[in-house]
Amino acid sequence: MSKATWIWYPGDFEIWLNEKVHIRRKVRGAIYPVFWRLDRHYSSVSFCCNVDLKQDEEISIYADGEFSLYLDGKDSQRFTQSKLLVPAGKHEIRVAVYNNTAAPAIFIQGDTIATNADWLVTCQDKQWHQAGFWHFDHPDHPPSAYKLATTEIFPERLEKKQEGWVVDFGKETIGYLKINQATGHGGLTIYYGESLEEALDDENCLQTDSCLLHGSSPQNYNFPESRAFRYVRVQADKGREEELQIASISMLYEYLPVQDRGHFQCSDETLNKIWETSLYTLRLNTREFFLDGIKRDRWVWSGDAYQSFLMNYYSYFDIDIVKRTLISLRGKDPVTTHINTILDYSFYWFIGLYDYFVHTGDEAFIRTHYGSMVSLMDYCLTRLNQDGLIEGHEIDWVFVDWADIDNQGAVCFEQLLFCRSLEAMTLFAGLSNDPLREQQYQNLAIDIKQKTFNLYWNKEYGGLVHQYKDGQQGAQITKHASMFALLLGYLNNEQKESVKQNILLNPNIQAITTPYMRFYELAALCEIGEHKHVTNEMINYWGGMLALGATTFWETYDPTAKDLQHYEMYGLPYGKSLCHAWGASPIYLLGKYYIGVKPSATGYAMYDIEPNLGGLSWIKGTVPIHNGEVRLYMDTTSIRITATTGSGTLRIHSLITPSTNKNGCITPLGNDVYEIEIVGNGQEIAIQYLTQ
């Protein structure tokens, strides 16, 4: 029997789920929807499949919505029953489905007939596409029933105080609060806090709930909406404090089941704790999509999600959530604003697609969504100014970073992201057999890169200036543009050295303070071999949050702040997110630049391994490489590597000629650098070498 799965119009399940997620944010019970356009699924679609049956076949039909099925174009003979006998012979099966509240979907199962990715679907615009699907493989579990998993957990501490019951779950978490075995009549008000101070602050606590209990027999109450918190205060109505009694308080922890495939340990215990806390921070924000933070926004921001994609490749390597997030960010045509209204966030979307393809080799996904890429790029091209540079319009938010910088005119940072986006579209056009656009994108990418270095490079500063406005090179220089040019591989050796000395290691250049942009700053420092500096930065910066009791990493951290100042942001006493996805960047840094694994061919068919101790005595870890993994141990004299798939190239510095326990090829490259071939056959290779 052929295996059936639920199918829908490609992207519609993700867009429907995106709408559900983005209307969940509330502040003290008031809805707080996103401030960009929320798209909806197509409510009326038709599915189609051609079959050639040797004998009559009975099929079972399930629909998420109202449906009608008809054979061979006989529109007047539509069937709505759940079972149908399809006669032997060649037939075209068409199924029309309508659903205004969820993505229309069908599940059809017979001996040989089964809904799958081979079926076509249209939104009635006379354009047919391969159907979308995921892992909804049971007829009783349609896409509209999708929910995250839950498990009950209990707090570390529960105290009865005058201000109510104060509950500490021991660490940041997210889920549904449960009141267990409550007796008495009256109301309860719930105050949630990422910090204890927030949970105890009636006026300024951002997340609250309430319920009404009645009856003398014990009753349980499950709150219907998930909240983010560590601390909870449960307050009875005034005068009811003694009457209302609660046996216990627990929660249904809500999560996306993902497998921890990436691992890291080293000789420094603080760095080990930073890795574990980073992984937990990312896990909490890995949900239906990659969210920015679990308390305040709970939204999908393209810039935030892009960093989560990269961290995911070094932790879970869950490609489904990457695809869902990319689809949800893009939404539907027509394009009327940039993604999240932010110019750079449209470019991060293209670059996220590029990285997804490099890490997975998933050509089918690229071809399926190529039309959406073209229409968004067409919109971006409307932002070219008279100089042929990308420049934000009045309705565009040119973000770059939370920093005191002037983003008027044509910002250099945007040219660099735009150039890589064009390079990505050149690749995608080739994969999609679109040679005219392929040439157009390639020519424009070359032009933008050349203009960027002609107009923004300043020899006196030794790097790229921030903006070009009114035909003049701006005077402000920040780290942003130069370090992105380095990360994107746009600098020659002379420019790299100049940027290293004059920009990245120059204390007179404006410091980067947000974990969001430090992600890239520290990656750029690793690119130029400053691993020891990065090790110290991670220990001091992320270790500073741990020293203050953080159980997840924050939206931003100021080491000079005192007491409650650590929680302030956006003019709110508790406005700062204490569990923010971009705070988990050590996952990426330690995986890519310390264990040192990165793809050199799409889908990790080939990969480079350039481990670096970064001043540590030893490191060990695992990096997932699509369908396999690389395991590595390294100290100052020995390296052990096991790869389970593909073909790798180990590149190391050694003061002696390395030796191995295998007959692999060791190639000297000069300047004490050696390459060693790594075969992904699951066998360990032991290497003797000597580092400084």
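Start by selecting Asp 406, and then show what surrounds it: leaving aside neighbours within four places in sequence, Asp 406 is in contact with His 466, Gln 467 and Gln 476. Keep in mind as you go that this is a predicted model. Asp 406 sits in the loop between helix H8 (370–381) and strand E21 (410–411). With a relative accessibility of 32%, Asp 406 counts as partly exposed. Now add Thr 336 to your selection and draw a distance between the two C-alpha atoms: Asp 406 and Thr 336 are 70 residues apart along the chain, and their C-alpha atoms are separated by 25 Å.

**Next stop: the loop between H5 and H6**

Move to Pro 334, whose place is in the loop between helix H5 (319–330) and helix H6 (343–360). Zoom in on the peptide bond between Asp 333 and Pro 334, which is cis, with omega about 0 degrees. Then select Thr 341, which lies in the loop between H5 and H6 as well. Look at its backbone: phi of Thr 341 is near 70 degrees, a positive value in a residue other than glycine. Is Thr 341 buried or exposed? Thr 341 has a relative accessible area of 16%, so it counts as buried.

**H4 beside H5**

Stay with H5 and add helix H4 (residues 302–313). The axes of H4 and H5 come within 11 Å and cross at roughly 165 degrees, and the two helices are therefore roughly antiparallel to each other. H4 passes H5 in a left-handed crossing. To see the contact, show Ser 302, Ala 305, Phe 309, Asn 312 and Tyr 313 on H4, together with Val 322, Thr 325, Leu 326 and Leu 329 on H5. Colour these residues by type and you will find six nonpolar, three polar and no charged.

**Into the nonpolar core**

Now select Phe 428. Which residues does Phe 428 touch, not counting those up to four places away in sequence? They are Phe 350, Leu 353, Tyr 354, Phe 357, Ile 366, Tyr 370 and Met 373. Phe 428 is one of the residues with the most contacts inside the largest nonpolar core, along with Tyr 594 and Ile 619; this core has 167 residues. Highlight helix H9 (residues 412–431) too, as H9 gives the most to this core, with twelve residues. A second, separate core has 27 residues, among them Phe 223, Leu 244, Tyr 280 and Ile 294. As background, nonpolar side chains tend to be buried together in soluble globular proteins.

**H14 and its two partners**

Select helix H14 (residues 531–547) and helix H15 (residues 586–595). They pack at an angle of about 160 degrees, with their axes 12 Å apart. H14 and H15 are therefore roughly antiparallel to each other, and H14 passes H15 in a left-handed crossing. From H14, show His 531, Val 534, Thr 535, Met 538 and Trp 542; they meet Pro 586, Leu 589, Leu 590, Tyr 593 and Tyr 594 in H15. This contact divides into eight nonpolar, two polar and no charged residues.

Keep H14 on screen and bring in helix H3 (residues 269–285). The axes of H3 and H14 come within 9 Å and cross at roughly 65 degrees. H3 and H14 are therefore roughly perpendicular to each other, with H3 passing H14 in a left-handed crossing. On the H3 side, pick out Thr 270, Leu 271, Lys 273, Ile 274 and Thr 277; on the H14 side, Thr 535, Met 538, Ile 539, Trp 542, Gly 543 and Leu 546. Here the count is six nonpolar, four polar and one charged.

**A closer look at Tyr 593**

Go back to H15 and centre on Tyr 593, which lies in that helix. Tyr 593 is buried, with a relative accessible area of 7%. Apart from neighbours within four places in sequence, Tyr 593 is in contact with Leu 487, Ala 523, Cys 526, Glu 527, His 531, Tyr 588, Glu 610 and Asn 612. Check the last of these with a distance: Tyr 593 and Asn 612 are 19 residues apart along the chain, and their C-alpha atoms are separated by 6.8 Å.

**Last stop: Asn 671**

Finish at Asn 671, in the loop between strand E33 (666–670) and strand E34 (673–679). Asn 671 has a positive phi of about 55 degrees although it is not a glycine. Switch on the surface here: Asn 671 is exposed, with a relative accessible area of 71%.

Definitions and conventions:
Residues numbered from 1 in each chain as written. Predicted model: local features only at pLDDT ≥ 70, side-chain atom pairs only at ≥ 80, totals over all residues. Heavy atoms only, no water. Axes fitted to C-alpha atoms, helices over the stretch in contact; angles between N-to-C directions. Helix = DSSP H or I, 4+ residues; strand = E, 2+ residues; numbered from the N terminus. Parallel < 35°, antiparallel > 145°, perpendicular 65-115°, else oblique. Left-handed = near helix turned anticlockwise from the far one by under 90°. Contact = heavy atoms within 4.5 Å. Nonpolar A, V, L, I, M, F, W, Y, C, P; charged D, E, K, R; others polar. Core = buried A, V, L, I, M, F, W, Y, C linked by side-chain atoms within 4.5 Å. Buried < 20%, exposed > 50% of the residue type's maximum accessible area, 1.4 Å probe, protein only.
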